[in-house]
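Okay, can everyone see the screen? I'd like to walk through this one in a few minutes, starting from the pocket and working outwards.

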Amino acid sequence: MTTFGEELVFKALYETFPDPVIILDAGRVIRSANPAALAKFGYPVDAFIGQPARLIYADDQEYARRLHNRAAGVDERIARTSTYSYIRRDGSTFSGHLRTTPLIDADGKELALIGIIRDVSDLARAVQEKQQASDMLDAALDAMPEGFAIFDAQERLLVYNRAYVTICGPAGPLIRPGITAEEILQIAQENSHYPDALPDSPDWPAWMAHRMQDFRQPDNRAKIYRYADDRWLRVENIKTKDGNTVVLRVDVTELKRAELALERQRQELQHKNEALDQFTATVSHDLKAPLRHISMFSEMIEDELAAGNQEEVAASARHLRESARRMTRVIDSLLDYAQIAYQITAWSEVDLDDIVADTLGVLGSHAREADVTFEIAPLPKVHGDPELLRRLVQNLVGNAIKYRHPHRRPIVRVSGRAAGQHVELVVEDNGIGIDPRFALRIFEVFQRLHQDESIYGGTGIGLALAKRIVESHNGSIRLDTGFTEGARFVVTLPKRMRKTR
Ligand code: ADP
């Protein structure tokens, strides 16, 4: 450098420097500008030199920021806040990054400020476009009903949308970038978000391990899990080439419910078909028996008439009439059974005390005749069809009276209690009892343990009817096979019916 005059070198540099260079005095008046500055701002030298620096700023606020930066001594070679919008003489603007250097004299006094402005319009535009694209993507992700998130190779959360936060349930408020997949799962599990892995269930560690395994080595198949509030979640984890994991969570509750309802309907239909098959077989068998008798006795009458056996004819005619009566009874009870549909229409709160009192009224004369002692405990209330429940109690108490022991004074006990969401009704007697081997069979249509009509009359429909009534209330009925002093029937009914059927 020593071979040339320094001033010459600096002048050449100043003249040829591609970025605008502007020198301001302490009063912020433009004192010098290189050719690049004049060209960039579009001014002839006379119209530029001597003007206040404010001339080149497009925006008052930005100029105020510029003054603020200056007062605060911000290093504008590096500060991010030193990009301003500049205005040319023709009114057009550009984005420029300003770098300033003060010119200090030997006494430390600032003589001037040198500013170099680099046009960063392209960069600013690119940054703005990128920001727009990113905002658009964020908005689209947030609008998605599906939960979406990306975890890095260290299983830390990178990106997620709003639906993902909601689906994380109790872990939702803690979702932030950096939290790990395992932490999220753990928080949700500890707060009972997964009914299949409740905190006090012994299965939860295995369940959690299974979930983490599916996160770490996904088999590319979506899984469906139950979560809080009876809801269902479709979970899909996808490993990307760069080791990240994309997770998709979709609430499929409606779909799952429809599927379950369909499956339930299918099972019900199958159940009803089987019941119908069995019913048809039994009915035809039981209706044929009296019919056979009728035809047999009418043949006998024919023979006896031909042989002139008058006394025998009368006896055969009596048998024939009995068979016909029996057939009428069977048909009547069958019709009765068929009319009690599964669907209940008259729902109300039913006081079982009233139902039992009604029953004792109806069966009164019968019970007095048999000298029955009733022991009736206070009974709970249930939700159901009062007419059907009356039929149920009548059948059970009627049987308890009918199947009394020949050598014991009959006692019939009715009691009940509320047990959680259920109500239990117990009808027991000290009668002849039932062999535990027939505990299920007695509830089938036409199944009687006493074929001799002369001792215990009946058609074998009563308990089948009782079962049908109980099941239409979503309840159950069983014979208590541990009870040996007589027969004890236990009916369980839900306190409140869920009207899903
Ligand atoms: P039915 O009384 O018309 O024969 P049910 O369906 O009411 O028909 O009862 C089926 C069978 O269960 C009866 O035939 C009887 O053998 C037996 N059974 C029902 N209740 C009692 C009871 N309380 N004690 C003894 N046996 C009973």
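Let me fix one term before anything else: when I say polar contact, I mean a pair of N or O atoms within 3.5 Å. And keep in mind that what you're looking at is a predicted model.

So, the ligand. Which backbone atoms sit within polar-contact range of its oxygens? Leucine 463 is one of the residues that offers one: a polar backbone atom of leucine 463 is 2.8 Å from an oxygen atom of the ligand. Glycine 460 does something similar, with a backbone N or O atom 2.8 Å from a ligand oxygen. Then there's leucine 449, where the distance from a polar backbone atom to an oxygen of the ligand is 3.2 Å. On its own the ligand has 530 Å² of accessible area, and the protein covers 98% of that.

Who's around it? The ligand is surrounded by 21 residues, and the closest are Asn399, Tyr403, Arg448, His450 and Leu463. If you sort that shell by type, you get 10 nonpolar residues, eight polar and three charged. In terms of secondary structure, α13, residues 386-402, and α14 each put at least two residues into the shell. The largest share comes from α13, with three residues.

Hold on to α13, please, as we move to the packing. As a general point, nonpolar side chains in soluble globular proteins tend to be buried together. Here, the largest nonpolar core has 48 residues, and the ones with the most contacts inside it are Leu392, Leu396, Val397, Ile401, Phe489 and Val491. Which element gives the most to this core? That's α13 again, with eight residues. If you want to click on one residue to get a feel for it, try valine 491: beyond its sequence neighbours within four places, valine 491 is in contact with Leu392, Leu396, Val423, Glu424, Leu425, Val470, Ser476 and Ile477. There's also another core, apart from the one I just described, with 25 residues, including Phe151, Trp207, Met208 and Val235.

Next stop, asparagine 430. You'll find asparagine 430 in the loop between β15, residues 422-429, and α14, residues 462-472. Is this loop residue buried or exposed? Asparagine 430 has 14% relative accessibility, and the cut-off for buried is under 20%, so asparagine 430 counts as buried. What does its side chain do in there? One polar atom of the asparagine 430 side chain is 3.0 Å from the backbone oxygen of arginine 409. The side chain also reaches the backbone nitrogen of isoleucine 411, at 2.9 Å. Skipping anything up to four places away in sequence, asparagine 430 touches His405, Arg408, Arg409, Pro410, Ile411, Glu485 and Gly486.

While we're in that neighbourhood, look at proline 406, in the loop between α13 and β14, residues 411-419. Proline 406 is exposed, at 61% relative accessible area. Proline 406 and isoleucine 432 are 26 residues apart in sequence, and their C-alphas are 8.2 Å apart in space.

Now for the backbone-geometry people, two residues with positive phi. The first stop is glutamate 155, which isn't a glycine but has a positive phi of about 65 degrees. Glutamate 155 is in the loop between β6, residues 147-151, and β7, residues 157-160, and at 17% relative accessibility it counts as buried. Then there's serine 192, also not a glycine, with phi near 60 degrees. Serine 192 is in the loop between α7, residues 181-190, and α8, residues 204-216. How accessible is serine 192? The value is 37%, so serine 192 counts as partly exposed.

Since serine 192 follows α7, a quick look at that helix. Its buried residues are Ala181, Ile184, Leu185, Ile187, Ala188 and Gln189. What covers them includes β6, α6, residues 162-167, and α8.

Last one: arginine 66, in helix α4, residues 60-71. Arginine 66 has just 5% relative accessibility, so this charged residue counts as buried. Apart from neighbours within four places in sequence, the contacts of arginine 66 are Tyr57, Glu76, Tyr84, Leu98, Thr100 and Leu113.

That's my tour, so over to you for questions.

Notes: Residues are numbered from 1 along each chain as its sequence is written. This is a predicted model: local features need pLDDT of at least 70, side-chain atom pairs count only at pLDDT 80 or more; totals for chains, interfaces and linings use all residues. Side-chain values use heavy atoms; hydrogens and water are left out. Helices (H or I, at least four residues) and strands (E, at least two) are DSSP runs, numbered from the N terminus. Buried means under 20% relative accessible area, exposed over 50%, partly exposed in between (1.4 Å probe, protein chains only). A polar contact is a pair of N or O atoms within 3.5 Å; within protein, one must be able to donate a hydrogen and the other to accept it, and residues adjacent in sequence count only if both atoms are side-chain atoms. Contact means heavy atoms within 4.5 Å. A residue is near a molecule or strand if one of its heavy atoms lies within 4 Å of it. Accessible areas come from the Shrake-Rupley method with a 1.4 Å probe; for residues, only the protein chains shown count as cover. A nonpolar core is a set of buried Ala, Val, Leu, Ile, Met, Phe, Trp, Tyr and Cys residues joined through side-chain atoms within 4.5 Å.
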